[in-house]
Amino acid sequence: MAVIGFGYVGSCIAATLADRGFDVVGVDTDPRLIDELQAGHCRFHEHGLPEMIFRGMAAGRLRVTTDAAETAGADVVLITVGTPIRDDGSLADDQLRAACQGLSRHIRRGQLVVLKSTVPPGTTRDVVLPLLESGGLTGGVDFGLAFTPERLAEGTALHELRTFPIVAGGLGEDSARDAAAFWRRALEVQVIPLDSLESAEIVKLADNWWIDLNIALANELAKFCALYGVDVLDVISAANTIPKGKGKVNILLPSVGVGGSCLTKDPWMVWRSARRRGVDILTASAGREVNAGMPEYTAELILKELARAGKDPASSKVAVLGLAFKNNTGDLRATPTVGVVTALRRAGVDVRIFDPLVDPVRAEDLFGTKPAETLAEATRGADCVALLALHREFQDIDFSMLPVADTCLVLDGRAYYSKEKIDELRRLGYRYRGIGRGDSLAGLDRDLDLRELPVATRLTEVAA
């Protein structure tokens with residue numbers, strides 16, 4: 001089988017299939033990526049992935065190349081290229097079109113082509129199919145065409161590939177049946193057949209639309225809890241105990257923001273696709289706007305806490321630990337940390353950055369400054385240590401040994417420290433603030449206009 005697009009998703013799939021005994025060829029247009037792999041270097045930070053890739057290559061079950069002609073010998077061709085969006089929410093389909101045009105020159109009768117890249121509904125039928133047929137063969141007759149959305153999360157992708165159900169929609173019953181049979185044999189997982197290509201395309205959008213909107217709810221709930229000095233994690237834990245439907249209420253966790261290649265674009269695909277058909281989808285854009293505003297909100301928390309400690313932001317130092325968009329990855333795509341750093345610098349803060357998982361060259365290009373080489377270098381003299389991604393490498397930080405300034409603030413952007421850990425930090429002389437978490441109403445947002453609070457709360461404040 002062949003995998004076109006050997007990025008994060010393609011490499012995980014190709015390595016897993018090779019590890020299960022299949023012969024796999026990975027095709028990518030980036031010669032540097034192929035050279036790196038052949039030299040024994042993997043640029044993707046996914047636990048166990050490099051070992052799996054090089055094990056497959058050493059055994060001869062996995063090959064990587066820039067030559068699209070290698071796809072001709074495969075019975076199944078998976079397309080896993082990037083599908084970003086433009087500023088207006090439309091699909092930037094350059095990579096997808098190039099992959100399909102290249103494949104059309106080598107496609108043969110009897111092959112099954114499976115698109116896994118996230119696309120707006122109708123793309124497989126209206127864009128991919130005509131491009132593949134430009135080679136002279138007919139889809140659904142000479143070759144099969146199916147869509148099976150990729151629904152993996154970075155950091156746990158290899159486990160999820162072997163356990164998550166696979167959704168499959170095809171160009172006709174034969175394509176859908178063949179795609180379902182392939183995934184059952186390849187991964188031995190549950191396959192959920194759907195009636196059309198479009199229904200399968202929408203499944204991925206629905207998943208990420210829900211996730212992004214749920215996180216937006218958690219983020220606004222965190223802001224709401226901060227008004228009353230309430231720990232948002234306590235509220236979420238209690239709220240999630242009530243049964244609802246076939247499960248329970250499931251509010252996710254607030255954070256510094258949402259990043260990555262999926263959640264930041266898929267809701268906009270929904271929004272734009274609907275508008276093209278005359279329907280205005282409100283929740284997709286609302287969730288995006290809330291989550292896109294969290295980096296600025298996080299920076300404001302830091303600036304407010306520095307001011308409360310009597311420190312001038314323009315002469316303060318902030319150490320940002322964790323640059324990637326989520327814990328335990330080195331992925332900088334659409335990372336919300338950029339927004340935090342930008343806002344802090346705009347206020348005159350001296351920002352130092354550190355992340356042992358990211359490529360330092362890419363980090364310097366993105367953040368405009370060279371990352372610190374060590375934790376000690378990053379935190380020396382810091383008035384705030386902002387944990388914006390809690391990698392495994394940060395879980396055992398000895399805060400008593402950090403060379404920080406007096407009354408240093410720990411800003412918890414995605415660590416979700418326990419109350420016991422917070423008490424420990426305070427005993428060490430640190431101040432703590434999380435997203436929707438802090439000391440008390442008096443220590444949090446007491447500077448709010450009391451007229452904005454409910455009557456009962458205003459009376460309590462006056463009596464105090």
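**Close-up views of a predicted model**

**View 1. N219 in helix 8.** N219 has its place in helix 8. The model shown here and in the other views is predicted. With a relative accessible area of 0%, N219 is buried, since buried means under 20%. The side chain of N219 makes a polar contact of 2.8 Å with the side chain of N291. Apart from neighbours within four places in sequence, the residues in contact with N219 are P254, S255, V290, N291 and M294. N291 therefore appears both in this contact list and as the polar partner of the N219 side chain.

**View 2. The open sheet of eight strands.** The strand order in this open sheet is 3-2-1-4-5-6-7-8, and the pairing is mixed. Strand 3 (62-65) and strand 8 (191-193) are the edge strands, each pairing on one side only. From one strand to the next, the twist averages 25°. Strands of a sheet pair through backbone hydrogen bonds, in either a parallel or an antiparallel arrangement.

**View 3. Strands 6 and 7 with helix 8.** Two bridges join strand 6 (residues 144-147) and strand 7 (residues 166-170), which pair in the antiparallel sense. Opposite F147 stands G169 in strand 7. Helix 8 (residues 197-227) packs on the sheet and touches both strand 6 and strand 7. The direction of helix 8 makes about 150° with that of strand 7. Helix 8 is also the helix that holds N219.

**View 4. The second largest pocket.** This pocket has a volume of about 610 Å³. Its lining consists of 22 residues, of which P120, P121, T123, S273 and R276 are the closest to the centre. At least two lining residues come from each of helix 5 (123-133), helix 8 and helix 10 (266-276). Helix 10 supplies the largest share of the lining, six residues.

**View 5. A386 in strand 13.** Strand 13 (residues 384-387) contains A386. A386 is buried, and its relative accessible area is 0%. Leaving out neighbours within four places in sequence, A386 is in contact with I302, V318, A319, V320, L321 and L411. In sequence, A386 and G434 are 48 residues apart. In space, the C-alpha to C-alpha separation of A386 and G434 is 9.6 Å.

Notes. Residues are numbered from 1 along each chain as its sequence is written. This is a predicted model: local features need pLDDT of at least 70, side-chain atom pairs count only at pLDDT 80 or more; totals for chains, interfaces and linings use all residues. Side-chain values use heavy atoms; hydrogens and water are left out. Two strands pair if DSSP finds at least two bridges between them. Helices (H or I, at least four residues) and strands (E, at least two) are DSSP runs, numbered from the N terminus. Axes are lines fitted to C-alpha atoms, for helices over the stretch in contact, and angles run from 0 to 180 degrees between N-to-C directions. Contact means heavy atoms within 4.5 Å. Buried means under 20% relative accessible area, exposed over 50%, partly exposed in between (1.4 Å probe, protein chains only). A polar contact is a pair of N or O atoms within 3.5 Å; within protein, one must be able to donate a hydrogen and the other to accept it, and residues adjacent in sequence count only if both atoms are side-chain atoms. On a 1 Å grid over the protein atoms alone, a cavity is a set of points where a 1.4 Å probe fits but cannot get out, and a pocket is an open set with protein on both sides within 12 Å along at least five of seven lines; lining residues have an atom within 4 Å of a point. Grid points are joined across faces, edges and corners, and a volume is the space filled by probe spheres set on the points.
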